[in-house]
Amino acid sequence: MKQFLKKFRLRRPDEMERHILFRAQRNAYLFLVAALAVWSFYESWQVYARHTRLNLLPCLLLAAAALIQSVSKLVLERRAVQDDEDSYETGPLARIVVLACAAAGLISAIGAAVMLLCVRV
């Protein structure tokens with residue numbers, strides 16, 4: 001019974017497995033960003049060539065992916081140096097606050113643009 005439980009017990013990945021997992025996730029992220037960028041350029045070309053309505057979905061997804069990546073990087077940096085007395089830990093915190101303010105401004109600008117587009121004069 002112990003061998004059965006030992007076989008199915010979750011274990012922590014070693015350094016090589018973590019490195020492989022990190023590279024796979026990075027490659028998937030880069031593929032998604034590239035696909036969203038191509039989709040954004042295609043939608044822009046459609047608007048220019050055929051005078052159709054602009055589809056903002058790929059642009060918004062691309063901006064959201066970049067924003068989430070930046071925020072998660074800054075939060076992980078802050079957590080890494082949180083207990084270190086020699087580190088200057090207000091740097092990541094200040095960047096997180098500035099990025100959050102920029103994201104709130106961007107979201108409010110998008111909301112205002114959508115409301116202005118929906119209102120017919």
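Start by selecting cysteine 101: with 53% relative accessibility, this residue counts as exposed. The scale behind that word uses a 1.4 Å probe and protein chains only, with buried meaning under 20% relative accessible area, exposed over 50%, and partly exposed in between. Now add cysteine 59, which comes out as partly exposed at 34% relative accessibility. Don't go hunting for a bond from either of them: a search of the whole structure turns up 0 disulfides, where a disulfide is a pair of cysteine sulfur atoms within 2.5 Å.

Before you click on, some housekeeping. This is a predicted model, so to speak of its filters: local features need pLDDT of at least 70, side-chain atom pairs count only at pLDDT 80 or more, and totals for chains, interfaces and linings use all residues. Numbering runs from 1 along each chain as its sequence is written, and side-chain values use heavy atoms, with hydrogens and water left out.

**Zoom out to the cartoon**

Colour by secondary structure and you get 4 helices and 0 strands. These are DSSP runs numbered from the N terminus, with helices being H or I of at least four residues and strands E of at least two. Read from the N terminus, the order is α-α-α-α.

Switch on a surface next. The chain exposes about 10700 Å², and carbon and sulfur atoms supply 68% of that; the areas come from the Shrake-Rupley method with a 1.4 Å probe, and for residues only the protein chains shown count as cover. Of the 121 residues, 7% count as buried. For contacts (heavy atoms within 4.5 Å), take the ones between residues at least 6 apart in sequence: 32% of them join residues at least 24 apart.

**Helix 2, from its start**

Select glutamate 15 and arginine 18. Both sit in helix 2 (residues 15-50), 3 residues apart, or about one turn of the helix. They form a salt bridge, with the closest N and O atoms 2.7 Å apart. The rule asks for a side-chain nitrogen of Lys or Arg within 4 Å of a carboxyl oxygen of Asp or Glu, and by it the count is 1 salt bridge. Is each partner buried or exposed? Glutamate 15 is exposed at 56% relative accessibility, while arginine 18 is partly exposed at 40%.

**Further along helix 2**

Which rings pair up here? The structure holds 1 aromatic pair. Tyrosine 42 and tryptophan 45 make a tilted one, 6.2 Å centre to centre with 35° between the planes. The cut-offs: ring centres of Phe, Tyr and Trp (its six-membered ring) within 6.5 Å, with planes under 30 degrees apart counted as stacked, over 60 as edge-to-face and the rest as tilted. Because tyrosine 42 and tryptophan 45 are 3 residues apart in helix 2, about one helical turn separates them. Tyrosine 42 is partly exposed at 42% relative accessibility, and tryptophan 45 is partly exposed too, with a relative accessible area of 44%.

**Into the loop**

Step on to histidine 51, in the loop between helix 2 and helix 3. Check its backbone: phi is positive, about 55°, although this residue is not a glycine. Histidine 51 is exposed, with a relative accessible area of 70%.

**Last stop: helix 3**

Select serine 70, in helix 3 (residues 57-80). Serine 70 is partly exposed, at a relative accessible area of 26%. Draw a distance from its C-alpha to that of arginine 95: the two residues are 25 apart along the chain, and the atoms are separated by 9.7 Å.
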